[in-house]
Amino acid sequence: MTHRALELLQLDSPSFIMDIGCGSGLSGEILSSVSPVDGGPHTWVGMDISASMLEIAFQKDVEGDLLLSDIGQGIPFRAGSFDAAVSISAIQWLCNADSSEVNPQGRLTRFFNGLYASLRRGGRAVCQFYPKNDAQRSLISSAAIKAGFGAGILEDNPGTKNSKLYLVLTAGGGEVHGDITSVVKTLRDVEVHDERRVFRTVGRKGDRRSNKAEIVRKKEQMEKRGKITKATSKYTGRSRRRVMF
């Protein structure tokens with residue numbers, strides 16, 4: 001799966017790569033072993049929430065740097081640090097809610113916002129994942145698009161037990177060369193979900209919403225981020241009369 005992710009990244013020179021959910025360093029070892037003929041070897045930094053898995057990677061003396069971190073709390077790197085990112089069988093865990101205090105949508109938002117910021121413009125990320133259902137698949141891809149990514153979902157061996165989903169992302173870089181919809185259009189079994197134009201047209205002429213509906217929508221967004229908002233009432237969104245004193 002890591003080899004497939006590298007194929008989708010289309011790197012033609014040694015690159016600085018983030019390995020998200022690196023575990024014991026299996027993907028990292030592949031990144032380090034890419035031959036110069038194939039554009040390697042690559043330098044990488046691995047992140048994982050499991051101290052025990054990172055300890056295994058450390059004992060194996062992998063070449064990459066290792067970081068103990070919860071990706072649901074964001075990506076703690078300087079903006080534009082990485083050329084690319086890979087993730088194998090990790091991001092679906094962001095959808096799990098172990099308690100009522102855990103907000104999967106908030107965790108996905110923090111992750112993709114941080115990932116977008118940490119990639120250079122035009123940088124790519126490939127995340128192989130196992131969604132439980134179509135709702136999780138949509139939740140993950142929508143969070144990536146809202147963060148600003150161009151997003152394509154590629155499915156290998158569709159309809160079989162060996163089916164694998166890859167979320168292929170690009171961080172800006174222009175409509176032609178940087179947009180992932182043009183990058184993946186020649187690949188087989190690719191579904192491209194580009195909802196950015198939908199988000200951009202909200203509130204414009206031809207897609208008008210009432211003031212109240214728009215205010216309620218913004219309140220819900222703020223509440224999901226943990227902010228306190230005023231209660232919605234029958235007066236929400238109404239024009240108030242001006243009183244002159």
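Reader: Which strand does E4 pair with, and in which sense?
Author: Look at residues 82–88, which make up strand E4. Strands here are DSSP runs (E, at least two residues), helices are H or I runs of at least four, and both are numbered from the N terminus. Two strands pair if DSSP finds at least two bridges between them. E4 has 6 bridges to its partner, and the pairing is parallel, with E5.

Author: Quick housekeeping: this is a predicted model, where local features need pLDDT of at least 70, side-chain atom pairs count only at pLDDT 80 or more, and totals for chains, interfaces and linings use all residues. Residues are numbered from 1 along each chain as its sequence is written, and side-chain values use heavy atoms, with hydrogens and water left out.

Reader: Which residue in E5 stands opposite Phe82?
Author: E4 and E5 are the parallel pair. Opposite Phe82 you'll find Leu119.

Reader: What about E7: does E5 run parallel or antiparallel to it?
Author: E7 covers residues 164–170, and 6 bridges join it to E5. One spot to click on is Cys127, which stands opposite Leu167 in E7. The sense of this pairing is antiparallel.

Reader: How many residues of E5 are buried?
Author: Buried means under 20% relative accessible area, exposed means over 50%, and partly exposed is in between (1.4 Å probe, protein chains only). E5 spans residues 119–129 and is mostly covered. Out of its 11 residues, the buried count is 8.

Reader: What is the N to O distance in the salt bridge between Arg120 and Asp83?
Author: A salt bridge needs a side-chain nitrogen of Lys or Arg within 4 Å of a carboxyl oxygen of Asp or Glu. Arg120 is partly exposed at 36% relative accessibility, and Asp83 is partly exposed too, at 23%. The pair links E5 to E4 across 37 residues. Their closest N and O atoms are apart by 3.1 Å.

Reader: How many residues apart in sequence are the parts tied together by Asp156 and Arg4?
Author: Their side chains meet in a salt bridge at 2.9 Å, N to O. Asp156 lies in strand E6 (residues 150–156) and Arg4 in helix H1 (residues 2–9), so the pair ties together parts separated in sequence by 152 residues.

Reader: Is Asp156 buried or exposed?
Author: Its relative accessibility is 17%. That is under the 20% limit, so Asp156 counts as buried.

Reader: How many salt bridges does the structure hold?
Author: Another one joins the side chains of Glu29 and Lys60 at 3.6 Å, N to O. For the structure, the count is 6.
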